[in-house]
Amino acid sequence: MAATPENPASATPRRKPGRHRGEGQWAVGHFTPLNGNEQFKKDDDGLNVRTRIETIYSKRGFDSIDPNDLRGRMRWWGLYTQRRQGIDGGKTAILEPEELDDEYFMLRVRVDGGRLTTEQLRVIGEISQEFARGTADLTDRQNIQYHWIRIEDVPEIWNRLEAVGLSTTEACGDTPRVILGSPVAGIAADEIIDGTPAIDEIHRRFIGNPAFSNLPRKFKTAVSGSPQLDVAHEINDIAFVGVEHPEHGPGFDVWVGGGLSTNPKLGVRLGTWVPLDEVPDVFEGVISIFRDYGYRRLRTRARLKFLVADWGPEKFRQVLQDEYLKRELLDGPAPEQPKDVWRDHLGVHRQNDGRFYVGFAPRVGRVDGATLSKIAELAETHGSSRLRTTAEQKLIVLDVAEDRVDSLVSGLEALGLKVNASPFRRGTMACTGIEFCKLAIVETKARGASLIDELERRIPEFDEPITININGCPNSCARIQVADIGLKGQLVLDSEGNQVEGFQVHLGGALGLEAGFGRKVRGLKVTSAELPDYVERVLTRFQAERTEGERFAAWTARASEEALS
């Protein structure tokens with residue numbers, strides 16, 4: 001019998017009314033803020049906080065800052081409060097934000113495409129020394145981060161940065177973050193296509209644009225025409241990867257929905273080929289989908305990767321075409337497997353104009369303002385005015401004449417910056433860690449630097465590509481799931497039952513066209529003190545058991561748990 005108003009008993013039982021309010025998607029009419037972050041963004045655009053910083057907070061001091069600005073909107077201008085000194089990792093998840101906050105800030109400087117001039121690097125170094133106690137870390141997003149910044153000094157820092165064409169605009173927050181670019185764009189001899197014009201146009205049209213300053217969460221972008229796939233395209237919200245179309249020539253393959261953190265997902269191909277001049281329009285379409293359809297109810301599900309996972313690439317492409325671009329996109333090929341297992345551009349390489357670029361490695365991205373100023377001077381002395389940051393916490397000097405390469409290399413090595421680096425110096429990455437980060441549980445930078453030194457001393461003959469990524473918490477800023485050896489900071493028990501700093505171990509992750517997440521061996525955790533012993537042990541076993549040409553990730557996939565422990 002059919003259900004009717006007169007015969008409700010025969011109807012399909014109704015679900016009990018609940019309180020589910022959808023995912024907070026604007027495109028389906030859910031405009032009411034469903035959490036505190038959405039509320040403060042609705043109350044006032046994060047871009048507007050700059051005026052308050054310049055006219056009120058910098059004059060009245062830290063205590064005058066509104067809490068929603070302090071822990072929210074100030075991120076739109078690259079400012080995070082840093083961790084109060086002396087708070088151990090066991091209290092990270094226990095204390096309230098105001099108890100963790102120090103009265104100093106981390107300030108992130110955007111370096112879109114990784115492009116710097118020597119003049120810009122010199123100013124970055126001067127600001128570091130004058131306002132940031134010498135700090136100036138290189139990040140795996142090609143940015144530079146200061147610490148110990150006082151709110152009183154922020155307007156002057158902005159003035160100096162902006163005078164040389166740099167900014168902190170939307171370096172953090174629920175915004176389009178820095179645009180990763182190939183650090184050898186426009187100069188590499190093997191480049192498929194130079195994505196620099198697209199990066200510049202995306203920056204011009206969308207960075208600081210109020211139409212895109214209230215996204216559900218952060219939005220990460222990468223553009224590279226290098227066959228080395230050098231911008232970690234698989235873990236960005238949107239990535240444009242250089243490919244050669246058999247009919248239309250060089251252009252870009254489009255990937256969406258990548259991201260790590262506590263719920264990692266690799267990006268997926270939309271299967272479309274986009275010419276250089278259409279990249280900004282496709283970017284606008286994808287970021288608009290995220291703004292309009294992205295999940296805003298729960299912060300833990302507010303990244304684009306969750307929408308892409310629910311929709312799938314076919315529906316995502318269809319919505320992009322039908323609702324935003326109003327046209328069909330061309331189908332296109334996937335990128336080819338890179339020939340070089342290293343994608344950091346370290347060493348000396350010939351450019352397409354006959355000159356050379358020189359890539360070099362500090363330890364785990366840790367540098368200081370004085371060193372950056374010396375690098376700028378050294379580059380200029382050797383005829384260069386251009387440098388690049390990389391997505392691997394490295395630096396590159398461009399445009400060096402052949403007869404000046406050896407002298408430059410010697411100068412860099414004298415600063416402790418390795419051009420001919422060991423696999424450990426080359427492949428170890430670390431996030432900020434407990435030294436400054438309010439989310440961290442363990443120390444990372446010093447731990448990574450000492451691990452490099454220990455491994456170079458203990459197994460100097462090791463010459464295989466290896467990545468060792470060290471993270472201070474589960475959020476994976478240092479990409480632990482896609483490293484050969486990924487180390488997730490947590491508190492563990494030592495042999496005497498004491499709670500100490502340590503790491504959960506992920507093994508065999510990778511990026512590239514064979515990208516995948518590392519394997520977690522049941523119960524495999526190491527204390528910080530045991531870390532050099534553990535890494536030495538597992539790498540020595542790899543050397544003994546590997547087949548000819550076998551990479552570490554492949555070995556870990558077949559190795560026994562005993563061999564990995």
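In this predicted model, 5 strands line up in the order 3-14-15-13-12 to make an open sheet, paired in the antiparallel sense. Strand 3 (115–117) and strand 12 (347–350) sit at the edges, each pairing on one side only. Direction ignored, neighbouring strands of this sheet are turned by 25 degrees against each other on average.

Looking inside the sheet, strand 14 (residues 386–389) and strand 15 (residues 395–400) pair in the antiparallel sense over 3 bridges. Here R388 stands opposite I396 in strand 15. Helix 11 (residues 405–414) lies across strand 12, strand 13 (356–360) and strand 15, and runs at about 15 degrees to strand 13.

Now for helix 13. With 14 residues (445–458) at 1.5 Å a residue, helix 13 should span 20 Å, and its end C-alpha atoms are indeed 20 Å apart, so the two agree. Which residues of helix 13 are buried? They are K445, G448, A449, L451, I452 and L455. These residues lie on the same side of helix 13, because they cover an arc of only 160 degrees around the axis. The background is simple: an α-helix has 3.6 residues a turn, so residues three or four places apart point the same way.

And what covers those buried residues? The cover includes the elements in this table:

| Element | Residues |
|---|---|
| Strand 4 | 137–138 |
| Helix 12 | 423–427 |
| Strand 16 | 428–430 |
| Strand 17 | 468–471 |
| Helix 14 | 531–545 |

So the cover of the buried residues of helix 13 includes both strands and helices.

Methods. Residues are numbered from 1 along each chain as its sequence is written. This is a predicted model: local features need pLDDT of at least 70, side-chain atom pairs count only at pLDDT 80 or more; totals for chains, interfaces and linings use all residues. Side-chain values use heavy atoms; hydrogens and water are left out. Helices (H or I, at least four residues) and strands (E, at least two) are DSSP runs, numbered from the N terminus. The expected span of a helix is 1.5 Å times one less than its number of residues. Buried means under 20% relative accessible area, exposed over 50%, partly exposed in between (1.4 Å probe, protein chains only). The arc is that of the directions from the helix axis to the C-beta atoms. Contact means heavy atoms within 4.5 Å. Two strands pair if DSSP finds at least two bridges between them. Axes are lines fitted to C-alpha atoms, for helices over the stretch in contact, and angles run from 0 to 180 degrees between N-to-C directions.
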